[in-house]
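This report describes selected helices, their packing and a few individual residues. The sequence and the structure are shown first.

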Amino acid sequence: MTEAANTKRVAVVTGASRGIGRAIATRLARDGRHVVLIARSEGPLNDVKAQIEINGGSASVVAADIADATAFAKVIDDIATAHGRLDILVNNAGITRDGLALRMSDDDWNVVIQTNLTSAFVAIRAAARSMMRGKFGRIVNIASTSGVVGNAGQANYAAAKAGLIGLSKSIAKELGGKNITCNVVAPGFIETDMTANLPAEIKEGITKLMAIKRLGNVDDIAATVAYVSSDEAGFLTGQTICVDGGLTMC
Ligand code: NAP
């Protein structure tokens with residue numbers, strides 16, 4: 001830990017090695033946070049850290065598997081101890097294992113629930129202790145419009161993302177009195193690795209249903225997270241903000 005890191009708000013971002021998480025981490029660093037970057041592969045995280053530092057920001061890297069609940073809780077504890085604070089938690093990492101519900105394996109159900117939902121609960125529980133000590137906290141859970149309106153072929157993913165919404169409202173009620181907010185940012189279709197393999201005709205069909213006639217980009221989500229996690233967003237809690245170009249207007 002550097003001395004600068006200790007005076008800055010410390011933000012943890014999971015899934016920070018690429019896509020939406022990388023954009024969120026980069027944006028929070030640009031806004032003056034010390035960002036702790038988490039994903040499984042260390043190499044890509046080091047690239048993100050280097051890019052943040054080139055631009056004058058500060059970051060550190062922790063390679064961890066968020067699906068291992070016990071180990072991940074310790075990772076969050078250790079980060080809070082090492083920095084003496086943990087102000088912002090962005091539970092962004094997520095996976096898909098799509099398939100029709102009637103053919104979905106228990107493994108595909110369980111791994112998505114563990115990675116996309118249980119990890120967020122574990123991280124919040126671990127981070128909240130430090131946030132309560134610091135009398136400040138901003139928790140942002142990255143869900144999906146699938147969790148709001150459902151999606152055929154995504155029973156596991158939609159259930160996990162809907163679970164994040166209920167989790168966030170409950171945490172908002174439990175911790176609001178401690179100056180800790182908890183909100184959901186629910187992206188629609190964003191151009192990342194996760195959506196790269198969608199056939200062009202599906203992307204065109206989705207775009208036609210949107211008020212804003214383009215897929216989202218990662219900076220659309222990062223900008224929303226930057227506000228929701230800012231000091232000035234202290235009266236915003238328990239909300240689900242769908243950043244989807246008007247697809248659902250949830
Ligand atoms: P992505 O490009 O696939 O990136 C996923 C990130 O999560 C990577 O950094 C990955 O790194 C990390 N990750 C995955 N499993 C992990 C695990 N078990 N432990 C630790 N890190 C793990 O995904 P994305 O499109 O940016 O999506 C980010 C979030 O937005 C997800 O929660 C997703 O559900 C949500 N979302 C995305 C879209 C979209 O259109 N892209 C729409 C709605 C919601 P490693 O593989 O190295 O671990």
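What span should the 21 residues of helix H7 (residues 155-175) have at 1.5 Å a residue, and how far apart are the end C-alpha atoms of H7? The expected span is 30 Å and the end C-alpha atoms of H7 are 30 Å apart, so the two values agree. The model is a predicted one.

**Helix H7 and the loop after it**

Residues of H7 that are buried include Tyr157, Leu164, Ile165, Leu167, Ile171 and Leu175, and among them are also Asn156, Lys161 and Ser168. The buried residues of H7 pack against two helices and three strands, namely H5, helix H6 (146-149), strand S5 (137-142), strand S6 (180-187) and strand S7 (240-243).

The loop between H7 and S6 contains Asn179. Most residues other than glycine have a negative phi. Asn179, although not a glycine, has a positive phi of about 65°. With a relative accessible area of 35%, Asn179 is partly exposed. Met249, in the segment after S7, is another residue other than glycine with a positive phi, in this case near 50°. Its relative accessible area of 65% makes Met249 exposed.

**Helix H2 and its surroundings**

For the 12 residues of helix H2 (residues 19-30), the span expected at 1.5 Å a residue is 16 Å, and the end C-alpha atoms of H2 lie 17 Å apart, which agrees. Within H2, the residues Ile20, Gly21, Ala23, Ile24, Ala25, Leu28 and Ala29 are buried. Just after H2, Gly32 takes a positive phi of about 95°.

Ala25, a residue of H2, has a relative accessible area of 0% and is therefore buried. Apart from neighbours within four places in sequence, Ala25 is in contact with Val13, Ala16, Val35, Leu37 and Ile52. Ala25 and Asp47 are separated by 22 residues in sequence and by 12 Å in space, C-alpha to C-alpha.

Ser17 belongs to the loop between strand S1 (10-14) and H2. Ser17 counts as buried because its relative accessibility is 12%, and buried means under 20%. When neighbours within four places in sequence are left aside, the contacts of Ser17 are Arg22, Ala39, Pro44, Leu45 and Val48.

**Two helix pairs**

Two packed helices are described by the angle between their axes and the distance between the axes. The table gives these values for two pairs.

| Helix pair | Axes come within | Crossing angle |
|---|---|---|
| H2 (residues 19-30) and H3 (residues 42-54) | 10 Å | roughly 30° |
| H4 (residues 69-83) and H5 (residues 106-134) | 9 Å | roughly 25° |

The crossing angle of roughly 25° makes H4 roughly parallel to H5. The crossing of H4 with H5 is right-handed. On the H4 side the contact is made by Ala69, Phe72, Ala73, Ile76, Asp77 and Ala80, and on the H5 side by Ser119, Val122, Ala123, Ala126, Ala127, Arg129 and Ser130. By class, the residues of this contact are nine nonpolar, two polar and two charged.

H2 and H3 are likewise roughly parallel to each other, because angles under 35 degrees count as such. H2 passes H3 in a right-handed crossing. From H2, Arg22, Ala25, Thr26 and Ala29 meet Val48, Gln51 and Ile52 of H3. The contact of H2 with H3 comprises four nonpolar residues, two polar and one charged.

Terms used
Residues numbered from 1 in each chain as written. Predicted model: local features only at pLDDT ≥ 70, side-chain atom pairs only at ≥ 80, totals over all residues. Heavy atoms only, no water. Axes fitted to C-alpha atoms, helices over the stretch in contact; angles between N-to-C directions. Helix = DSSP H or I, 4+ residues; strand = E, 2+ residues; numbered from the N terminus. Parallel < 35°, antiparallel > 145°, perpendicular 65-115°, else oblique. Left-handed = near helix turned anticlockwise from the far one by under 90°. Contact = heavy atoms within 4.5 Å. Nonpolar A, V, L, I, M, F, W, Y, C, P; charged D, E, K, R; others polar. Expected span 1.5 Å × (residues − 1). Buried < 20%, exposed > 50% of the residue type's maximum accessible area, 1.4 Å probe, protein only.
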